[in-house]
Amino acid sequence: MPDITLTTTVVLCVAALAAGWVDAVVGGGGLLLLPALLLGLPNGAHAGPYALGTNKAVAIVGTTGAAVTYARKAPVDVRLAVRIGLAALAGSTGGAALAAGLSTDVLKPVVMVVLVAVGAFVIFRPSFGTAPSAAPASARRVLAAIGFAGLGIGFYDGLIGPGTGTFLVLALTAILHLDLVTASATAKIVNCCTNAGALAMFAWKGTVYWQLAALMAVFNLAGGMIGARTALKRGAGFVRIVLLTVVCALVVKMAYEQWVA
């Protein structure tokens, strides 16, 4: 357990609760959780790696809780989600392997442009993700989802990271013609796979504060389950609003890191 005050611990737990809710609805919980850990953990050369490792240990619990909640009540194709998840696991491993030798500052402006384009598309296409396709996804669409949403976004997750869950929701909605609620549910299962691989690596390196992670995970789990129920109850229209909010937050965060910080 790191040497932090009770007040900081409470703030981190509240951040974990909020991050679990956001992540369950549309992805992007890391926008809250990771900065909170970076600010709350003791300063030093190892603060970053411990923040990343502890973040994954917390997030995997909330993601799993949300995935189970969705799987019980939403029409999720679990077998397809796992296939995409395994591809994402392979992609994130490859991305992580290249991350050390590649400057992500070159890629961040490209990602921001993509996010702005995605936000504009969702705004000007109000019907996007509001109703699923009546026909099952073709084999070609399934392979495209495995390749792009799995390998491609998984690679991005290992290389850069922010917004992976949001990208997954958008890709699954566009490629498989899912509604936003079902896409969020599927994305949670995929995230479980990628988080498990990342956590295994951080655990092997010993950069996880397990006691703090266990405490925060309780709140993240509660937030994830509440968020999943909220999305199921409120429907695709509500998820669309949260999606646009998270996309805007991602653009602001990445622009700040690129040109201000």
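## The main core

In this predicted model, the largest nonpolar core holds 55 residues, and the members touching the most others are Val26, Ile84, Leu172 and Leu176. Helix α10 is the top contributor here, giving eleven residues to this core.

Take Val26 as a way in. Leaving out residues up to four places away in sequence, Val26 touches Val239, Val242, Leu243 and Val246, and also Gly165, Thr166, Val169 and Ser184. There's also a second, separate core, this one of 20 residues, with Cys13, Leu199, Val208 and Leu212 among them.

## Where α1 meets α10

How do the axes of α1 and α10 cross, and at what angle? Helix α1 covers residues 6-26 and helix α10 covers residues 236-259; their axes come within 9 Å and cross at roughly 115 degrees. The crossing is left-handed.

On the α1 side, the contact is made by Trp21, Val22, Val25 and Val26, while α10 brings in Phe238, Val239, Val242, Leu243 and Val246. Sort those by class and you get nine nonpolar residues, no polar ones and no charged ones. As general background, nonpolar side chains in soluble globular proteins tend to be buried together.

## Thr186, tucked into α8

Is Thr186 buried or exposed? This residue of helix α8 (residues 180-205) has a relative accessible area of 4%, under the 20% cut-off, so Thr186 counts as buried.

As for its company, Thr186 touches Val76, Ala81, Leu172 and Leu178, again skipping residues up to four places away in sequence. Leu172 is one of the residues with the most contacts to other members of the largest core. Thr186 and Ala71 sit 115 residues apart in sequence, yet their C-alpha atoms are 8.5 Å apart in space.

Definitions and conventions:
Residues numbered from 1 in each chain as written. Predicted model: local features only at pLDDT ≥ 70, side-chain atom pairs only at ≥ 80, totals over all residues. Heavy atoms only, no water. Axes fitted to C-alpha atoms, helices over the stretch in contact; angles between N-to-C directions. Helix = DSSP H or I, 4+ residues; strand = E, 2+ residues; numbered from the N terminus. Left-handed = near helix turned anticlockwise from the far one by under 90°. Contact = heavy atoms within 4.5 Å. Nonpolar A, V, L, I, M, F, W, Y, C, P; charged D, E, K, R; others polar. Buried < 20%, exposed > 50% of the residue type's maximum accessible area, 1.4 Å probe, protein only. Core = buried A, V, L, I, M, F, W, Y, C linked by side-chain atoms within 4.5 Å.
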